[in-house]
Amino acid sequence: MKKTLHMFVALAGIALASGLALGGLHQVTAQRAADNILRFKKVPAVVSIYQGRGQALAADQLAAFEDQVLQGRRQVDLGEESPLSLFLIEAAGSSPVVVFEAFGQGFGGDLGVMVGFDLASEKLAGIGITTMSETPGLGTRVRETRFTKQFVGLGQDAAFQVKKDGGVIDGVTGATVSSRAVAQAVDRARKLFQAHRQAIVAAINSGQEKASP
Amino acid sequence: MSASRLVKEFSKGLWREIPPFRLVLGLCPALAVTTTAENGLGMGISATFVLVCSNGLISLLRKVIPNEVRVACYIVIIATFVVCVEMITKAYFFELSESLGLFIPLIVVNCIILGRAEAFAKKNGVLLSRADGLGMGLGFTLALTGLGAIREFFGAGTLGLVFGEQVFFDQPFAFLQQAPGAFVALGLLLGLMNLVGGSRGR
């Protein structure tokens with residue numbers, strides 16, 4: 001009995017100390033880690049949608065454009081856990097595109113996808129993968145343009161599912177779960193866009209007024 | 001505890017029992033991440049940090065940890081330090097955390113770390129265990145950086161850690177960048193080490 005208690009106390013004590021230490025460290029590093037993900041994952045995904053629309057971007061303009069995307073983002077509160085970040089892409093000669101992130105359930109956890117909607121036609125302007133923990137070499141291949149470009153130009157009523165499930169998307173061979181996760185994320189984004197179209201457009205317009213006094 | 005013992009425990013990890021070669025432990029990260037010298041160095045430093053911390057703490061707690069649940073306790077301690085490394089690299093060394101990816105969480109099950117806890121830290125004092133961990137870790141770092149440098153230089157024609165963007169060959173031996181190439185490079189290095197260090201018999 002005494003031995004059992006000793007085992008229990010030792011293991012529980014170590015686990016408790018570990019939890020406290022990690023909790024403390026998380027407090028210190030979480031903000032910086034989130035900033036890094038925004039800067040090095042989310043913004044490049046938005047930029048990739050912009051480039052996917054046939055907009056050329058010279059290497060020396062890339063950093064400046066990324067800054068512009070980063071500074072131009074808006075927050076909109078849709079009653080979810082945290083406010084949604086909206087990114088706006090504007091290019092001469094084409095209608096503005098609103099981009100925001102949605103998540104699907106991948107093989108190794110949440111899979112983040114930036115989804116862009118053309119504000120004039122309401123068609124999908126493109127998608128870009130942000131964060132994922134899929135199997136390297138298999139699931140990570142959903143990042144490839146060959147897969148993501150299939151979403152470009154799809155309408156609001158398209159079936160955002162892989163062909164195996166009766167949809168219109170060709171899944172990546174050997175990565176059905178990851179392909180499904182991307183389709184699921186896009187589908188969620190579409191539903192969010194349809195449900196909150198007014199609020200999203202209003203948030204973007206209000207921001208623009210503020211930006212040009 | 002004499003200073004010579006300390007030096008001995010430290011230095012054995014650098015050549016006589018250098019981890020991926022002589023102990024043939026920790027092969028998974030050694031082969032998977034060493035496509036460049038920089039990744040090898042990053043993985044080595046992360047593993048060294050975890051090894052020194054976990055060896056020290058396990059040695060400190062060796063009288064408290066009951067024998068029956070010792071492996072569970074070791075894993076909790078090791079996992080804690082690994083998550084620390086993961087959080088720190090994500091916050092301060094984002095590029096490194098991207099290129100090492102899955103392999104940082106996998107340090108938890110790196111056999112070298114549990115191996116040193118079981119074989120050394122649970123029987124020896126804190127200072128000796130730390131010296132052992134540091135030696136083994138540095139040996140692991142040295143080996144991974146070397147392996148990474150060879151695979152990067154001959155396989156991709158660059159050596160980013162030292163020469164930056166400079167490209168040495170236009171048509172490198174790309175086989176070395178792939179997994180089978182890693183095995184071949186490791187085998188050749190192991191053979192070379194045995195040639196230089198004499199036979200493995202003691």
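Let's start where the two chains meet: 20 residues of chain A are in contact with 21 residues of chain B. Keep in mind that this is a predicted model. Between them, chain A and chain B bury about 1,900 Å², and 79% of that area lies on carbon and sulfur atoms. On chain A's side, a trio stands out: A:M7, A:I14 and A:L22 supply 27% of the area that chain A buries against chain B, more than any other three residues.

Now step back and look at chain A by itself. Its secondary structure comes to five helices and five strands. Follow the sequence and you'll meet them in the pattern α-α-β-β-β-β-β-α-α-α. The C-alpha trace of chain A spans about 75 × 50 × 35 Å along its principal axes. Of its 213 residues, 41% count as buried. If you take the contacts in chain A with a separation of 6 or more, 52% of them involve residues 24 or more positions apart. As for the surface, chain A exposes about 11,400 Å², with carbon and sulfur atoms supplying 56% of it. Chain A also carries 22 positive and 19 negative charges, and the mean positions of these two sets are 7 Å apart.

Chain B has another make-up: here you'll find 10 helices and zero strands. Read from the N terminus on, its elements simply go α-α-α-α-α-α-α-α-α-α. The radius of gyration of chain B is 18 Å, close to the 17 Å that the globule rule gives for 202 residues, so chain B is as compact as a globular protein of that length. Its C-alpha atoms fill a box of roughly 60 × 45 × 30 Å along the principal axes.

What about the inside and outside of chain B? Buried residues make up 47% of its 202 residues. Among the contacts in chain B with a separation of 6 or more, 73% come from residues 24 or more positions apart. Chain B exposes about 9,500 Å², and carbon and sulfur atoms supply 69% of that. Its charges number 16 positive and 12 negative, and their mean positions lie 17 Å apart.

Let's zoom in on two residues of chain B, beginning with B:T89. You'll find B:T89 in helix α5, which covers residues 70–92. Is B:T89 buried or exposed? Its relative accessible area is 6%, and buried means under 20%, so B:T89 counts as buried. Leaving out residues up to four places away in sequence, B:T89 touches B:F94, B:S97 and B:I104. You can also trace a link across the sequence: B:T89 and B:S46 are 43 residues apart along the chain, and their C-alpha atoms are 9.1 Å apart in space.

The second stop is B:C111, which sits in helix α7 (residues 111–121) of chain B. How does B:C111 fare on accessibility? Its value is 38%, between the 20% and 50% cut-offs, so B:C111 counts as partly exposed. Setting aside its neighbours within four places in sequence, B:C111 is in contact with B:L25 and B:G26. Finally, look from B:C111 to B:L138: these two are 27 residues apart along the chain, with 16 Å separating their C-alpha atoms.

How values were computed
Residues are numbered from 1 along each chain as its sequence is written. Chains are lettered from A and ligands numbered from 1 in the order in which they are written. This is a predicted model: local features need pLDDT of at least 70, side-chain atom pairs count only at pLDDT 80 or more; totals for chains, interfaces and linings use all residues. Side-chain values use heavy atoms; hydrogens and water are left out. Helices (H or I, at least four residues) and strands (E, at least two) are DSSP runs, numbered from the N terminus. The radius of gyration is taken over C-alpha atoms; the globule rule is 2.2 Å times the number of residues to the power 0.38. Buried means under 20% relative accessible area, exposed over 50%, partly exposed in between (1.4 Å probe, protein chains only). Contact means heavy atoms within 4.5 Å. Accessible areas come from the Shrake-Rupley method with a 1.4 Å probe; for residues, only the protein chains shown count as cover. Lys and Arg count as positive and Asp and Glu as negative; His and the chain ends are not counted. The place of a charge is taken as NZ of Lys, CZ of Arg, CG of Asp or CD of Glu. Buried area is the accessible area (1.4 Å probe) that two parts lose on being put together, summed over both.
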